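Biologist: I have a model open on my screen and would like to understand the words used to describe it. Could you take me through them?

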Amino acid sequence: MHLKVGCDLPANSLRRRRKGREEPGSFKIEGNALRKCEVPRLFNSRMDKVINCFSKRPDAVARLICFPWAGGGSIHYARWGKILTSIEVFAVKLPGREARAKEPFFQSMEQIVDEVINVLLPVLKEKPFALFGHSFGAMTSFAIADTLKRVHKLEPIHIFLSGASAPYSEMRIQAPKRSDLSDEEFLQWMTRIGGTPPELLANPEVVKLFLPALKADLHVVENYRCDRPESPLSCPVTCFDGKQDMPHDLQAWKDISSGDFTVQMLPGAHFYLKDAANEKVILDYITKYLEMAEIDYL
């Protein structure tokens with residue numbers, strides 16, 4: 001389904017230009033005629049398949065692209081789009097869950113990177129964009145950013161990483177593999193890290209629904225290997241983590257960019273970001289830095 005832009009707009013709907021370009025979907029005056037500028041971004045079925053966007057915001061100062069944790073869906077991040085009124089939120093949907101439940105899981109990080117970039121590349125030049133990912137999503141965010149830089153000469157204005165060691169860090173490389181555990185051992189591990197209600201873990205029907213996606217994503221990230229980037233990003237990097245979570249080598253993330261590096265520790269275990277107070281801190285932080293970055297972009 002394509003977005004439609006109405007033509008009967010008042011004069012004050014003329015939108016600003018960005019770096020000398022007309023804002024997509026805006027109008028410009030040519031002689032006595034009002035001409036609509038081209039809209040390169042259309043939410044067609046291909047985009048809808050991969051991206052969940054609750055609130056489309058053509059006037060947003062920036063776009064935040066969010067990647068799910070292992071086994072996760074897009075809803076948690078998509079609802080941020082209703083909270084962040086100056087930022088448009090794209091939440092990535094992976095196969096094997098939600099509306100894509102009948103699709104086979106991806107087997108490698110390369111598959112995820114290829115699909116997401118193929119869908120998003122036509123729209124990434126529309127406005128500044130940032131990346132956010134927690135745990136498995138942090139790894140995916142980095143893989144996307146690294147490929148965009150190396151292959152397409154594009155960079156985010158900020159990358160927000162949460163709950164994970166850098167993929168090339170010794171701590172990450174030496175971490176035990178969880179995707180090979182039996183279902184019983186796997187559920188015991190999930191109980192230890194927290195974040196999933198015990199009543200769900202005790203329900204065999206519920207477990208049967210989410211366990212395959214979780215194990216598939218862990219298989220991807222456990223087999224993802226990369227070196228420190230030879231051509232680092234230049235944007236700021238912020239790492240969030242839970243104070244009660246298992247230790248992560250956050251400092252190793254410094255090597256992905258020559259930009260400013262910040263660590264924010266918040267109360268809670270692995271899924272600390274589900275706490276309402278912590279979520280507010282994260283979203284306030286993101287809003288502040290993306291709004292500031294938009295001034296530099298202009």
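Biologist: What share of the contacts in the protein with a separation of 6 or more is between residues 24 or more positions apart?

Modeller: That share is 74%, where contact means heavy atoms within 4.5 Å. Before we go on, this is a predicted model, so local features need pLDDT of at least 70 and side-chain atom pairs count only at pLDDT 80 or more, while totals for chains, interfaces and linings use all residues. Residues are numbered from 1 along each chain as its sequence is written, and side-chain values use heavy atoms, with hydrogens and water left out.

Biologist: How many helices and strands are there in the protein?

Modeller: The protein has 10 helices and 11 strands. Both are DSSP runs numbered from the N terminus: helices are H or I with at least four residues, strands are E with at least two.

Biologist: What makes E5 and E11 edge strands?

Modeller: Let's start with their sheet, which is open and has seven strands in the order E5-E7-E6-E8-E9-E10-E11, with mixed pairing. Strand E5 (51-52) and strand E11 (261-266) each pair on one side only, and they are the edge strands.

Biologist: How do you know that E6 and E7 pair?

Modeller: Two strands pair if DSSP finds at least two bridges between them. Strand E6 (residues 62-67) and strand E7 (residues 87-92) are joined by five bridges, so they qualify, and they run parallel. Along this pairing, Leu64 stands opposite Val89 in E7.

Biologist: Why is the pair of Phe160 and Phe240 called stacked?

Modeller: Rings of Phe, Tyr and Trp (its six-membered ring) pair if their centres lie within 6.5 Å; planes under 30 degrees apart count as stacked, over 60 as edge-to-face and the rest as tilted. Phe160 and Phe240 are 6.5 Å apart centre to centre with 25 degrees between the planes, so the pair is stacked. Phe160 lies in strand E9 and Phe240 in strand E10 (residues 237-242), so the pair ties together parts that are 80 residues apart in sequence.

Biologist: And what makes Phe186 and Trp189 edge-to-face?

Modeller: Here the centres are 5.4 Å apart and the planes meet at 65 degrees, so that angle falls in the edge-to-face class. Phe186 and Trp189 are three residues apart in helix H7 (residues 183-193), which means about one helical turn separates them.

Biologist: Why is Trp189 called buried?

Modeller: Buried means under 20% relative accessible area, exposed over 50%, and partly exposed in between (1.4 Å probe, protein chains only). Trp189 has 11% relative accessibility, so it counts as buried. Phe186 is buried too, with a relative accessible area of 0%.

Biologist: Why is Pro267 called partly exposed, then?

Modeller: Its relative accessible area is 48%, so Pro267 falls between the two cut-offs. Pro267 sits in the loop between E11 and helix H10 (276-297). Leaving aside neighbours within four places in sequence, Pro267 is in contact with Lys243, Gln244, Tyr272 and Asn278.

Biologist: What makes you place Lys274 over the face of Phe271?

Modeller: A charge sits over a ring if NZ of Lys or CZ of Arg is within 6 Å of the ring centre and within 35 degrees of the ring normal. Lys274 lies over the face of Phe271 at 4.7 Å from the ring centre, so the distance satisfies that rule.

Biologist: How many disulfides are there?

Modeller: The count comes to zero, taking a disulfide as a pair of cysteine sulfur atoms within 2.5 Å. As for individual cysteines, Cys235 is buried at 5% relative accessibility, and Cys239 is buried at 0%.
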